[in-house]
Each structure stands twice: as structure tokens, then as C-alpha cells.
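Q: Please take a close look at one part of this structure, and explain how that part sits within the whole chain.

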Amino acid sequence: MRYLPLTPEDRANMLAVIGAKSAEDFYTDVPAAARLKTKIAGLPDHQGELAVERYMIKLAARNRSASSGPFFVGAGAYKHHVPASVDMILQRSEFLTTYTPYQPEIAQGTLQTLFEFQTQVAALTAMDVANASMYDGSTACAEAAVMAARVTKRKKIILSGGLHPHYAAATRLLCEAQGLTVVQLPIAIDGEGALAEAADGETACVIGQSPNVFGTVTDLSDVAKSAHDKGALLVSVFTEAVSLGLVTPPGEMGADITAGEGQSIGNGLNFGGPYVGLFACKDKLVRQMPGRLCGETVDADGNRGFVLTLSTREQHIRRDKATSNICTNSGLCALAFTSHMTLLGGKGLKQLAELNHEAACELADALGAMKGVEILTPRFFNEFAFRTPVDAEAVLAMLDEAGVVGGVRASRLFPDGHMGDVIIAAATECTTADDIAAYVTALKEII
Amino acid sequence: MSMNTQGRPTAPAAISTPTIETVSGSRGLLQHEDLLFEIGTSETTGVDLPKPKGLKSRLGGVTRKVDTGLPGLSEPQAVRHYMRLSQKNYAIDLGLFPLGSCTMKHNPRLNEKMARLPGFADIHPLQPQATVQGALQLIDELATWLKTLTGMPSVAMSPKAGAHGELCGMLAIRQALIARGESETRKRVLVPESAHGTNPATAVQCGFIVDEIKANKRGRVDMDDLKSKLVRTDDIAGIMLTNPNTCGLFETDIKAIADLIHAAGGYFYCDGANFNAIVGRVRPGDLGVDAMHINLHKTFSTPHGGGGPGSGPTVFSEALAPFAPVPFVVKDEDGFYRLVEQTEGAAKDSFGRMVAFHGQMGMFVRALTYMLSHGADGLKQVAEDAVLNANYIQARLKHVMTPAFEGFCMHEALFSDAFTADGIETIDIAKALIDEGYHPMTMYFPLVVHGAMLIEPTETESKAELDRFCDALESIARRAAQGDDTLRGAPYLAPAKRLDETRAARKPVLKWTAPSSERVAAE
Amino acid sequence: MTIYFTKDHEWIRVEGDTGTVGITAYAAGQLGDVVYVELPETGAKFSKGDDFAVVESVKAASDVYAPVSGSVVEVNGALADAPETVNAAAEGDAWFVRVKLADRAELSGLMDQAAYEAFCEGL
């Protein structure tokens with residue numbers, strides 16, 4: 001076994017030092033009936049690197065990668081280009097194979113990148129303070145809801161009709177387990193504005209998303225004002241981090257907490273994970289935040305250094321009174337995010353966002369010009385919903401046969417939403433004029 | 001001879017080492033590196049993007065008012081920035097990483113290579129299922145491995161990390177109690193005082209109340225205390241028990257504990273953080289477990305990445321399987337792999353969706369690659385070698401340090417600070433290990449042992465490396481026993497000295513802000 | 001003016017029907033460097049034994065229990081910016097809250113200075 005360095009002689013010598021006859025001696029506390037005498041049945045024996053590689057390549061070949069043709073799927077995860085140097089940085093052993101930086105004397109590399117990550121996220125979202133990342137956007141959203149309940153000591157959580165349904169599900173689950181009430185507003189493509197009427201004196205927070213799951217961008221400033229008037233918080237959600245280069249960020253709209261998905265910057269699609277949850281809030285709420293925080297300090301020589309801090313919020317100290325049960329963050333994905341963001345800079349991100357927006361505008365113009373197609377999203381960044389004259393599932397299947405992955409059918413996300421003829425399509429900097437032409441050509445054949 | 005005047009010294013001169021202050025702040029190969037915000041400019045970018053065409057915006061005026069102002073770096077600057085920072089980190093690839101309960105084993109590079117195949121790394125979670133059959137098959141096959149290794153009939157693949165797996169298990173218990181009409185009455189969850197902090201935190205996140213049970217003198221659950229907590233049973237939701245436990249010991253009475261909890265009408269959640277010690281040798285399904293999460297980043301070698309991402313698939317017994325979350329993969333009769341995404345049909349009793357999409361695919365690829373590489377035979381050897389290595393460390397150090405409990409340990413050796421002289425603390429021993437070139441062990445955990453030092457070498461250490469480590473720790477332990485005061489300043493040879501955590505917590509500085517003069521100039 | 005102590009290491013200095021409450025120097029010493037104190041709001045009511053505040057060091061957080069029942073009439077806002085005062089002057093400037101006593105009879109169950117010192121020596 002190539003990963004096990006002990007030789008039979010080593011094992012014999014070590015057993016002698018220990019005073020044990022065989023490894024069996026170490027398992028005598030296990031009930032006899034549960035001690036397996038032989039290896040577990042039904043699984044193959046070990047294989048060499050070449051054999052494993054062959055098998056995995058075969059499995060991978062049964063999947064169509066997003067780069068292999070025209071690709072327009074979004075709805076919470078986005079196909080963007082990741083610079084080669086980002087992956088090179090991730091594969092450095094010192095980042096890849098290290099632990100959570102609990103020993104700051106030998107973890108300043110990780111800690112400084114986390115401090116830079118927090119600073120970047122705070123600036124991008126225009127919020128006061130960001131944490132060192134969460135699992136993903138959906139769990140960050142759920143944590144934001146229960147945090148709002150802790151802060152306001154109230155029990156009602158209101159979700160917009162444009163919130164990504166997976167985010168809504170994850171949020172509902174965690175909130176209801178904690179005895180909170182979740183109110184879901186009717187599904188609506190331009191639904192965020194309705195939040196302005198929704199808050200009452202028992203509301204902990206309203207949760208709105210911009211751009212929302214249908215791509216609609218909304219200025220939530222009025223929602224924030226009306227929520228604050230009732231003593232409630234605004235939680236502002238996003239699933240497309242690149243939008244922050246161009247679209248009004250949560251902090252400029254008066255959000256108290258923001259939760260979003262950072263996959264778009266530095267991270268591949270990976271079939272849904274691992275991703276990186278972004279989480280930021282106003283200064284005064286920092287002690288109710290979930291997750292790790294990195295802070296600046298000095299070492300014994302007076303040199304600047306960084307440590308994990310405000311840990312008394314967390315489960316390893318506060319146990320049953322912790323703000324969350326979260327233990328890990330999404331460290332390596334946060335490194336991908338921060339290193340890509342460093343390469344972009346604010347200027348590069350803005351330009352990237354403009355390219356995304358223009359690609360989506362061109363796609364909308366091309367599709368919208370077709371007979372029977374109706375663009376439904378009134379204001380969008382790089383994604384929009386449109387109506388087809390034919391059932392969306394059938395359209396996507398036929399597009400697929402033409403080599404075009406045309407988007408997500410809304411009915412997959414909202415099975416009860418009476419949206420059988422709606423497709424959500426995204427375009428990014430990866431989308432070419434040829435891709436759009438291929439989409440139009442294929443769609444013409446279908447409708 | 002022909003005269004040559006080019007002679008120069010080629011052997012070191014006999015000069016004693018002076019105290020060296022460098023102008024750059026660097027120390028030889030260890031480069032000083034300022035914050036990104038101090039070296040980059042907002043006009044710099046390290047990517048070449050095409051120029052936007054200037055099309056009419058369709059954002060409807062919902063646009064950013066204030067630029068981020070974030071600095072960028074050119075590619076060479078950026079690469080250097082991160083390389084220099086990387087040099088300040090310890091890593092498994094540098095040496096033994098003895099963090100107890102964290103299982104810092106070698107991360108095979110084949111796993112990384114496979115996870116980067118475009119067929120896995122560059123597929124979207126919502127693209128048509130016919131275009132991702134290989135990915136769904138991989139999830140199904142990994143699920144089969146996990147079910148077989150644990151002897152459990154069902155597994156939820158979507159939890160994002162260990163603590164998220166705990167949440168998954170406890171939400172399934174909650175849903176089962178709802179189905180029984182007892183969710184309002186059965187609120188009490190028993191948790192040993194030695195448990196990882198995520199256990200009580202998770203129970204509370206799910207609306208349960210935590211009731212602590214004591215450890216006995218052998219480091220196991222105190223059965224008398226457990227029984228006293230079960231005098232009343234109608235409010236019992238279940239127990240959360242780590243096995244092997246956080247003291248590195250197998251819970252001898254595990255079957256009896258499971259039987260007691262089941263008789264009380266509760267469920268048995270097993271924290272699988274230490275599965276590495278028993279994988280391939282013991283199946284939790286044979287021990288009466290109802291739910292258990294598996295940290296793929298521990299037992300199955302996916303990289304820790306400086307704090308994640310993790311992955312926490314959670315296995316279930318027949319009793320809890322119907323309540324497991326969506327989505328999950330099923331294989332139809334025609335061989336088509338299909339995602340069940342809604343709580344209907346086969347998933348009608350499911351507690352719902354915990355997270356967007358289908359779980360940590362990138363980690364699944366790595367874990368399955370690891371499993372195929374080891375096979376059933378290799379995984380059994382993994383557990384045996386992990387336990388052998390830990391017992392070897394315990395045997396080598398028990399004469400100079402104080403083992404917390406008698407007898408053999410499982411995959412980690414636990415010591416108390418009883419052997420240290422007054423004034424020397426566990427932290428001083430841990431930090432002195434840094435000067436010897438090692439990461440410290442887990443310290444002050446579990447809470448049931450004073451000044452705990454928990455050492456887990458894992459199976460991927462050679463005997464030579466173990467001996468080198470033991471020699472180093474033995475010498476530190478002797479110094480600690482003698483009261484060597486210099487330990488209190490350790491580490492001396494690390495990239496940073498001990499950091500002032502008090503200052504960080506009293507006046508939190510959680511992001512970089514421009515020095516005030518710079519801010520004035522900008523305004 | 002009389003000062004009383006609890007077994008949970010709170011002190012209360014009573015003047016008329018008002019008491020000033022804090023944690024003892026012994027407790028502060030055990031806790032290590034105090035980095036944060038979470039205090040209730042003015043007007044909050046609690047019963048004897050309720051947790052009404054939290055005092056935190058870097059690696060620990062402890063609940064602080066009400067030595068008597070009452071309502072908060074004043075909180076020590078200075079602790080927010082200077083939690084280190086708890087280490088420097090636990091039984092002086094680092095008082096947590098002033099409370100209006102609900103029932104003076106509850107004081108009889110508390111320790112005086114000498115009894116508390118003896119209690120700590122026994123720990």
C-alpha cells in the first residue's frame with residue numbers, strides 16, 4: 001500500500017515496544033460480536049495509481065463539462081474563468097495540507113490571507129465586517145436568519161418570492177428547528193419589492209435577494225427602511241458574487257446582514273461544491289456572528305500578526321450557547337476567492353462584471369427577438385428568465401441534442417410554481433458570440 | 001607556477017553569529033510580506049480582459065455608487081505574495097501533524113489530480129441529469145462504500161462538513177419524533193462532558209436541550225450517571241456519543257448504552273470524527289447506532305485546506321432512513337442515475353433540504369479515489385496502523401509524561417499535565433514542539449483531563465518519523481518536569497513569536513483600514 | 001453600606017434599597033485577561049440566581065448570576081471600552097450593574113467578606 005509507510009518489521013518492533021502481541025490487542029474493548037475477523041466483504045482490494053486513474057477518467061467522461069460547448073446554466077452557480085495561478089496557489093502544500101490556524105505562530109500564511117479575504121468581502125459588499133467564510137451561500141443565508149432572530153429576539157422570518165428555493169429550504173429547515181416562524185412570499189420574478197410591505201412588529205428579518213433567482217436586480221433600500229421602521233433587520237442575499245462589481249451592494253442598500261455565494265470568484269463549478277459562503281454584517285452585530293473571525297494583533301516582539309479571535313461565540317468554547325454549531329469554514333475556497341480577487345483588483349472586477357452584463361444583454365436581445373420568446377426579467381445582471389412557446393423541459397432536451405446546454409427550467413426549482421414554460425439562462429465572460437448564435441439557431445429549430 | 005590573483009575564501013571564517021537586523025524585514029529565505037492593501041494599487045489588475053463594448057445597461061439603475069477601491073496585483077506580484085505567505089505555514093507535507101481528533105494524514109496527490117478532471121470540476125449542479133451520469137454514478141458508488149464500511153442501510157451525502165452532518169443526524173431524529181407525535185415532549189439529548197463542542201451546539205441548534213453525562217475514571221461514559229439520567233425516559237430524544245471517544249478510547253459499554261437509549265425511546269447519534277481508528281475493522285451498524293456523520297477530510301484523506309472545505313456524509317439506520325434529507329441519487333431499472341430533489345414519492349418523509357445542490361462533489365471525488373486506492377484490505381490496515389502508531393507514541397512517552405488513562409489507546413494518545421513542574425503549562429510544551437519543527441498536539445481538549453495533550457499521529461507516519469517526534473517531545477517533557485522556564489517563551493524559531501490574543505479580542509481589528517493620513521489625502 | 005458575596009463569586013454592595021453588583025477579584029484572577037463583558041439593559045428585571053451578564057476571556061465565557069432579585073437601574077457602560085478594568089479593579093470601578101432590590105431579605109443568604117475569603121481558601 002503506497003500510502004502506508006510501516007513495514008512488517010516496523011510493526012513487529014513497535015508491538016514489542018508496546019508490549020502487545022498483535023493489533024487485535026488494541027480492539028479488545030470492542031464487543032466481540034462487532035469485531036470483524038476479516039476485511040469487509042463486498043468491496044474491491046487496493047489498486048495502483050494507474051488503475052484508479054483509468055477508472056475515474058472513465059466516470060468523468062460520462063459528464064459533459066461546461067467548457068465543452070455553449071453553456072448557459074446559472075441559478076446559483078456560474079461558469080467563470082479561473083486564472084491558472086489561482087489553482088497553482090491552492091495546490092501549494094503549505095495551504096492545501098494545513099489545519100485551521102489555531103497555532104498562529106506557524107499559520108501566519110493562512111491567517112493573513114483570511115484577514116485579506118475579510119477585508120475584500122467587507123469592501124465588495126460595502127458592509128462593516130465579514131467573517132472568514134461559511135460552507136456556502138445557502139447555509140450562510142440560514143445562519144443569517146437565525147442570527148437576526150437572536151439580535152432582535154423575535155421569531156418571524158420573511159422570505160422574498162425571488163429567493164433561491166434551495167436557500168429558502170435550508171433557511172426554513174434551520175429556523176423551524178429553532179422554533180421560528182418562516183413566511184414565504186409568493187414566487188415572483190420581480191418579487192423583492194413586496195418585502196417592503198411585509199414586515200410587522202414581530203418580524204426578526206426580511207430576506208431579499210439581488211440579483212434574485214430569476215436574475216432580477218432590485219434596490220432594497222426601501223425594503224431596508226420599512227424593515228427598520230418595524231425594528232426588523234434586512235438580510236440581503238446574492239448568489240452571483242461577480243455582480244458586486246456593478247450592482248448596488250448590500251451595504252449601500254442598508255442591509256444589516258448579507259449572505260452570499262462566493263463561488264463565482266476563483267472557484268470552479270464542481271457539481272455544486274465545495275463553494276464558499278460569504279457573510280458580513282454591521283459592526284454592532286459582530287458578537288452575534290456565526291463562524292470564524294481573524295483579527296490583527298502583535299506578537300511578543302511587537303511585530304504585526306493575526307489570530308482567530310472573538311472565539312467565545314463559537315462551539316468549541318461556548319458549546320450549547322454558541323452562536324452556531326459551525327466548526328469548519330471553507331478555507332481553501334476562500335483562498336481561491338481572495339487570490340482571484342487579488343488578481344482582479346477592484347478595477348478588474350468591475351470590468352469583469354461589465355463583460356458579464358453585456359454578454360447577458362446580447363443573449364437577451366438575441367432570444368427576445370425570436371417569435372414566441374418573452375424575456376420576463378425586467379432588470380438583470382448576467383441572468384434572466386424567459387418564456388418559451390413550448391414546454392421548457394422539452395426545449396432544454398432538444399437544445400441538449402444540438403449541443404447547447406440552454407439553462408435551467410424554472411419548474412426544476414419551483415415544481416409547484418406553474419412555470420413549466422420558463423427557462424432561466426445565464427451568460428458570463430465565457431460566453432462567446434458563437435455560443436449565442438448556436439443557441440439561437442438551435443432554438444429556432446425547436447419553436 | 002602561473003600566478004592567479006582570483007583566490008577567495010571557500011571555507012567559512014570563524015566568526016561568531018551576531019544579532020542580525022535586516023533592512024527588508026526578511027530573514028533569509030523567510031521573506032517579509034506586507035498586506036495586499038499595502039502593496040497593491042486600485043489601478044492594477046493581474047488579468048487581461050477584453051474591453052466592454054459600452055452597450056446600454058439593463059440594470060435599471062440598480063448600480064454600485066461607490067467603487068470597492070480594492071487593490072490588485074499583477075500576476076508575478078500575486079504569485080509572490082501568496083508564495084511568501086505560504087512559507088509562514090506548517091503543513092502535513094512538511095512533517096508530522098499530531099493534532100488529536102483532527103486526523104492529519106497524508107493527502108494523496110492522485111486525489112487532487114482526479115478532482116480536477118473537467119468531467120468532475122467543470123460540471124454544473126443544475127445541468128440536465130443525462131449530461132452528468134458519471135457524476136451521479138460516482139456519488140452512488142461512494143454512498144455504497146460508506147454504507148458498506150459502516151454497516152448502515154442509508155446515507156445522506158449533502159452535509160457540507162462534520163458539524164453539518166451532526167445537524168443532519170439530529171434533524172432526522174427531530175423529524176422521526178415529529179412523525180411519532182413526540183417532538184414537543186422529547187427534548188432532552190444526553191451528551192458526555194468529554195464531547196466535542198459541536199455536539200451540544202448542534203443539539204441546541206435543533207431545538208433540543210443538552211443534559212451532560214459524566215466520564216468515569218477509565219475515560220468512558222459513567223454508566224451509573226447515564227442510568228440516573230434515564231430514570232425519566234418520556235423526555236429523551238437521544239444521545240450524542242463520539243466513538244472511539246475524544247479520549248481516544250473505545251466505549252466499552254457501547255452496546256449497553258445503545259440498548260438503554262433505545263429502551264428509553266430515544267435515538268443513538270454517533271459522532272464519527274474518529275472513524276479512522278476502526279474503519280474496515282468495526283461497523284457502527286453493529287453497535288446499535290442510528291445516525292453517524294463521517295468526516296471525509298479525516299478518515300478519507302481529503303485535504304484540510306487551512307480550515308475546510310470539509311464534507312460530512314451521514315449514515316442512517318432503518319429507523320431514521322426515511323427522514324434523511326433530499327437530494328439523493330437513485331439508480332433506475334434502466335441504469336439511469338436520477339436525483340430525487342423534492343420531498344415527495346420516495347422522499348415523502350424526508351426532513352427536507354439542508355443546502356443548495358448535492359453536497360461536496362470535489363471532496364467525493366477525492367474520497368472515492370482514496371478508497372479505490374486502499375481497497376477493503378488497505379482500509380483495514382489503515383485502522384490498524386493508525387492505532388499501532390498511537391500506541392507506540394504512548395508507550396515511548398509514558399515514562400516521561402502522564403497517560404490520562406490506563407491501558408491501550410485507539411488512534412490517539414492522551415496525556416495530562418500531571419508530570420509538569422509548577423509554572424509550566426501544557427501550552428508551553430505545545431509551543432516548544434514548534435521549535436523542534438512540529439505542529440503542536442491538540443491541547444486542553446478533552447475538557448475532562450487537566451491540561452490535556454491529545455496526540456494523533458495517523459497511519460501515514462513512518463517509524464523513523466515517529467521516533468524523531470518522540471525524541472523531541474521526550475526532551476521537552478523532561479524540561480517541563482524540571483521546570484525549565486525558557487519553555488514559557490517558546491516558540492523562538494517560528495515565523496512569529498507568541499501572539500497577543502487578549503489584545504486581538506479586546507479591541508477587535510477585523511479588516512484593514514487605510515492609515516488616517518492616507519484617508520484624508522483620498523478625500 | 002454593606003458588601004455581600006455569593007458562592008458563584010459575585011459581590012453586591014448595598015446602599016439603601018440599591019445594590020451595586022460585580023464579580024470578585026478572585027473570580028477575575030481565575031478567568032485570566034477579561035476581554036469583554038456583556039451587560040443587560042437598564043430596566044431589565046431578574047430573579048436571584050438568573051444569569052444576567054456574561055464575562056469573557058479569550059478562551060472562556062462565564063455567566064454571571066444575580067445575587068438578588070431586582071431591576072437594573074444603571075449599567076457600567078465604561079466596561080465596553082475598557083474590559084481590562086475587571087482585572088484591575090474587579091471590586092471597585094469594574095462594577096457591572098446597579099439594581100433596585102426586590103427583596104432585602106434575600107441578602108441574609110449571602111456571605112460577608114470574611115466568610116467569602118474563608119470560602120475561597122477552601123477551593
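A: A residue is called buried when under 20% of its relative accessible area is left open, and exposed when that value is over 50%. With this in mind, we can turn to helix 13 of chain A in this predicted model, which runs through residues 433-446. Its 14 residues, at 1.5 Å a residue, should span 20 Å, and because the end C-alpha atoms are 20 Å apart, the expected and computed lengths agree.

Along this helix, the buried residues are A:D435, A:I436, A:Y439, A:V440, A:A442, A:L443 and A:I446. What covers these buried residues includes two other helices of chain A, helix 10 (331-368) and helix 11 (392-401), together with strand 11 (383-387) and strand 13 (422-426).

The setting of the helix is a chain whose secondary structure comes to 13 helices and 13 strands. Of the 447 residues in chain A, 67% are buried, and among the contacts with a separation of 6 or more, 71% join residues that are 24 or more positions apart. A compact globule of 447 residues would have a radius of gyration near 22 Å, and the 25 Å of chain A agrees with this, while the C-alpha atoms fill a box of roughly 80 × 55 × 50 Å along the principal axes.

On the outside, the accessible surface of chain A comes to about 13600 Å², and 51% of that surface belongs to carbon and sulfur atoms. The chain carries 37 positive and 50 negative charges, whose mean positions lie 6 Å apart.

Terms used. Residues are numbered from 1 along each chain as its sequence is written. Chains are lettered from A and ligands numbered from 1 in the order in which they are written. This is a predicted model: local features need pLDDT of at least 70, side-chain atom pairs count only at pLDDT 80 or more; totals for chains, interfaces and linings use all residues. Side-chain values use heavy atoms; hydrogens and water are left out. Helices (H or I, at least four residues) and strands (E, at least two) are DSSP runs, numbered from the N terminus. The radius of gyration is taken over C-alpha atoms; the globule rule is 2.2 Å times the number of residues to the power 0.38. Buried means under 20% relative accessible area, exposed over 50%, partly exposed in between (1.4 Å probe, protein chains only). Contact means heavy atoms within 4.5 Å. Accessible areas come from the Shrake-Rupley method with a 1.4 Å probe; for residues, only the protein chains shown count as cover. Lys and Arg count as positive and Asp and Glu as negative; His and the chain ends are not counted. The place of a charge is taken as NZ of Lys, CZ of Arg, CG of Asp or CD of Glu. The expected span of a helix is 1.5 Å times one less than its number of residues.
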